[in-house]
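Subject: Structure handover

Hello,

Here is the structure I promised to pass on. Please open it before you read the notes below.

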Amino acid sequence: MRAIGIILAGGNSHKMKELARKRAVGAMPIAGSYRAIDFALSNMSNSHIQKVAVFTQYNARSLNEHLSSSKWWDFGRKQGGLFVFTPAVTAENSLWFRGTADAIYQNLDFLKSSHEPYVVIASSDCIYKMDFNKVLEYHIEKKADITVVCRDMPEGENVERYGTIKMNEECRIEDFEEKPIVAKSNTISCGIYVIRRRLLIEMIERCAEEDRYDFVRDVLIRYKDQKRIFGYKIKDYWKNIATVEDYFNANMDFLKPEVRNYFFRQYPDIYSKVDDLPPAKFNVGAHVSNSLVSSGSIINGTVENSIIFRKTFIGTNCTIKNSIILNDVYIADNTYIENCIVESHGTIKANSYHKGENGIEIVFEDGERYQM
Amino acid sequence: MIKKEMIAMLLAGGQGSRLGVLTSKVAKPAVSFGGKYRIIDFPLSNCINSGVDTVGVLTQYQPLRLNTHIGIGIPWDLDRNIGGVTVLPPYEKMENTDWYTGTANAIYQNIDYIDSFNPEYVLILSGDHIYKMDYEVMLDFHKQNKAECTIAVMPVPMEEAKRFGIMITDENRKITDFEEKPANPRSNLASMGIYIFNWSTLREALIKEETLPNLDFGKHIIPYIHEKGLPMYAYEFNGYWKDVGTLNSYWEANMELIDIVPEFNLYEEYWKIYTRSETLPPQYYAPGSVIERSIVGEGSEIYGKVYNSVIGCGVTIGKDTVIKDSIVMNNTQIGDNCELVKTIVAENVTIGNNDRFGFGDSAENETDPHIYNHDLVCIGEKSVIPDGITVGKNACIFGITTPEDYENGSLPSGKTMNKAGDMR
């Protein structure tokens, strides 16, 4: 591959509500066994990008733990590898990343010391499969300066939290609006960009000189008429998970056979850190219907239309409906949970009742853990 | 200079012929166990959990699956700069090129490998037992007693002692005598096939005895050391230990895992069992599926009903299919409306719709009654079973079969059908 990868995983979203307390969005658990960033990392690995930098800043513990070894995504190579960059104090600079462009600027040496001609930039909070080689081919064919991966959202869907794009018939981007109040287009940017490495360095340096820090606003939007910026439209599954609702729905999508088939059974695979947990276990009294259950879990109760993450214990006579139970949760007997996301490592006392009445309730319980 | 206090040599070359069709294409240590594991995961995990980071794995019989599984040892953290896991097949020499003719002969042929680590002690393990054991504690025992050889033993019921190699010890657990499968056992301490030797002693014994045919630890090396009067001790182990050498004991050991709190608990945090995970996604349970008293590996999709069973990774179980008291290994696809009772289905098998296994009156297996018994049905890897077939008890199917292979759409109890060539 002729590109290096950058994954922007710094962000926090207040739309994640309490879920953001524990971790960056990129470290959010997805589909029972994965983390959101696995999708970007696996896509890079499967596109034969060998050198990838992850820029992170907000509450990075969980993410760092997940990225503690690069071998799961096959980045453990002498050539290239996986690099995690957090803000650092230097002689010139003691600031946090003030934006995506600033994050790249503060780590410009990574770009300068590479020799690959192109850079693929992706965000850590999207669920998708993509061969970046195809985007790169398109980029070269269009003689583009920057290529932005974009996607049409269904008519009527609220796109105000995305960047919206208008393209001409050549697919050159004419208009780019970040988080518009009234959107003029339902084509949104997926937050995936291909750009020549030297051009990126040049533009990021210029941004820094002008005290501009945001890649979308200060590079894409500011230069949209000067530079040849093209859109690469995708039609496959793609979902951003940076709100509680979208996070919930993205997980629930995996209950659909076509989504599971697309991600789990079709080439290429999505990789994740291996946890070495025993198979899931179902004791007498377990009833599981239309649900995903991950390894290390022990189920004694009823589970319907739910996603049970790793190492969950569900006690006797419990009912879990239409909910997401994150990693390592202990749910004691006779508990009822509906329309909830139960935060990881929680311990739910016996006879509890949690029901999200208006939308999804986030359950944050740090009860005392009983011995399993 | 490289120096390791103790290295392990894991004997994984055996065929395990009493597992029948399960080992016709794979070595016994590579046979699936407990949904997602393979038998060799247990000794390998024990090694790394005990701090033994150098393991030579001696392979000979059907090593492909085993080699693929071990790879460079990543799942067990045995990918090391110095040491780690090394697969040791037999190799050609200037003279006396030979297969591994016995357990000790295999070690003898790899003296150079062991010497390269300059170890004080060598731990000999076999790759076909299910147990969790801290070899470091055993080594402490060995050192404390200033032993030249320590043999792990476990107490067995007196009436079963005649099936084992029995150690007779004094009150300090010093071995005074031993007997192989004695008619009238004088002790109930059975050897588990786990030895710690001082390398210098073992090395000398191997070289002295090299010319003996089928050089074996139990038959030659232990007697040699005993005759020399060197101190040998028995290290008593009282945990779970299971020899899964026969189809029935293999089936039983799997079934024991689904007890509410199994005697052999895989869910303990402090002694994890590691394995190569080929699949990662969670399991899916469709509406209308039933799952009770079972364990299921990653990525399986269950549309039918599963009771008292061990299901591997990437398995699909079709709608209205009922699985009872069975073992289904990785990546097997089972169609709709089937019924499986006490059936062991190996990896990558395709079963059609409306098939029934384990039905009819029991009959002894015609060709290998010592292998296929206890009413178990066994289906070899990569077999294909067409729609609407009924298979009896103590039966075995191996290979790609078509409806024409089955008279009246059935394979009666006790029959063996082999369409795959070489098979035991």
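What follows is a walk through the interfaces, the strands and a few backbone details.

First, a caution: this is a predicted model.

**Between the chains**

Chain A and chain B touch through 39 residues of chain A and 46 residues of chain B. About 3100 Å² is buried between them. Carbon and sulfur atoms give 52% of that area.

There are four salt bridges across the interface of chain A and chain B. One of the salt bridges in the model pairs Lys311(A) with Glu269(B). Their closest N and O atoms are 3.1 Å apart. Polar contacts link 20 residue pairs across the interface of chain A and chain B, counting pairs with both residues at pLDDT 80 or more.

Which elements of chain A give two or more residues to the side that touches chain B? They are α9 (257–265), β14 (280–282), β15 (287–289) and β16 (291–293) of chain A. By class, the side of chain A that touches chain B has 19 nonpolar, twelve polar and eight charged residues.

Strand pairing also crosses between the chains. β16(A) runs antiparallel to β14 (residues 283–285) of chain B, and three bridges join the two. In β14(B), Gln283(B) sits opposite Val293(A).

**A sheet built from both chains**

Look next at the open sheet of twelve strands. Its order is β26(A)-β23(A)-β20(A)-β17(A)-β14(A)-β16(B)-β19(B)-β22(B)-β25(B)-β28(B)-β31(B)-β33(B). The pairing is mixed. The edges are β26 (347–348) of chain A and β33 (416–418) of chain B, each paired on one side only.

As a reminder, strands of a sheet pair through backbone hydrogen bonds, either parallel or antiparallel. A parallel case is β16 (residues 294–296) of chain B with β19 (residues 310–311) of chain B, joined by two bridges. There, Ile295(B) has Val310(B) in β19(B) as its bridge partner.

**Between the domains of chain A**

The domain assignment splits chain A into domain 1 (3–264) and domain 2 (281–363). Their C-alpha centres lie 32 Å apart. Domain 1 of chain A puts 20 residues into the contact, and domain 2 of chain A puts in 22.

The two domains of chain A bury about 1700 Å² between them, with 68% of it on carbon and sulfur atoms. Which residues of domain 1 of chain A lose the most area to domain 2 of chain A? They are Gly32(A), Phe248(A) and Leu255(A), which together make up 34% of what that side buries.

One salt bridge is found across the interface of domain 1 and domain 2 of chain A. Arg23(A) and Glu343(A) meet in a salt bridge at 2.5 Å, N to O. Five residue pairs are in polar contact across the interface of these two domains, again with both residues at pLDDT 80 or more.

On the domain 1 side of chain A, β2 (29–30) and α8 (244–253) each supply at least two residues that touch domain 2 of chain A. The largest share, five residues, comes from α8(A). That side has eleven nonpolar, three polar and six charged residues.

**Salt bridges overall**

The structure holds 45 salt bridges over all chains. Among them is Lys239(A) with Asp253(A), at 2.9 Å, N to O. Lys239(A) is in strand β13 (residues 238–240) of chain A and Asp253(A) is in helix α8 of chain A, so the pair ties together parts that are 14 residues apart in sequence.

**Hairpin and backbone details**

In chain B, β9 (residues 165–169) and β10 (residues 175–180) run antiparallel, joined by five bridges. Thr169(B) stands opposite Ile175(B) of β10(B). The hairpin of β9(B) and β10(B) has five residues between its strands, and Arg173(B) takes a positive phi near 65° there.

Two spots in chain A deserve a look. Most residues other than glycine have a negative phi, and most peptide bonds are trans. Asn305(A) has a positive phi, near 45°. Asn305(A) sits in the loop between β18 (302–304) and β19 (307–308) of chain A.

Is the peptide bond from Tyr267(A) to Pro268(A) cis or trans? This bond is cis, with omega near -10°. Pro268(A) lies in the loop between α9 and β14 of chain A.

Best wishes

Key. Residues numbered from 1 in each chain as written. Chains lettered and ligands numbered in written order. Predicted model: local features only at pLDDT ≥ 70, side-chain atom pairs only at ≥ 80, totals over all residues. Heavy atoms only, no water. Contact = heavy atoms within 4.5 Å. Buried area = accessible area lost by both parts, 1.4 Å probe. Salt bridge = Lys/Arg side-chain N within 4 Å of Asp/Glu carboxyl O. Polar contact = N/O pair within 3.5 Å; in protein donor to acceptor, adjacent residues only side chain to side chain. Helix = DSSP H or I, 4+ residues; strand = E, 2+ residues; numbered from the N terminus. Nonpolar A, V, L, I, M, F, W, Y, C, P; charged D, E, K, R; others polar. Pairing = 2+ DSSP bridges. Domains from an automatic or database assignment.
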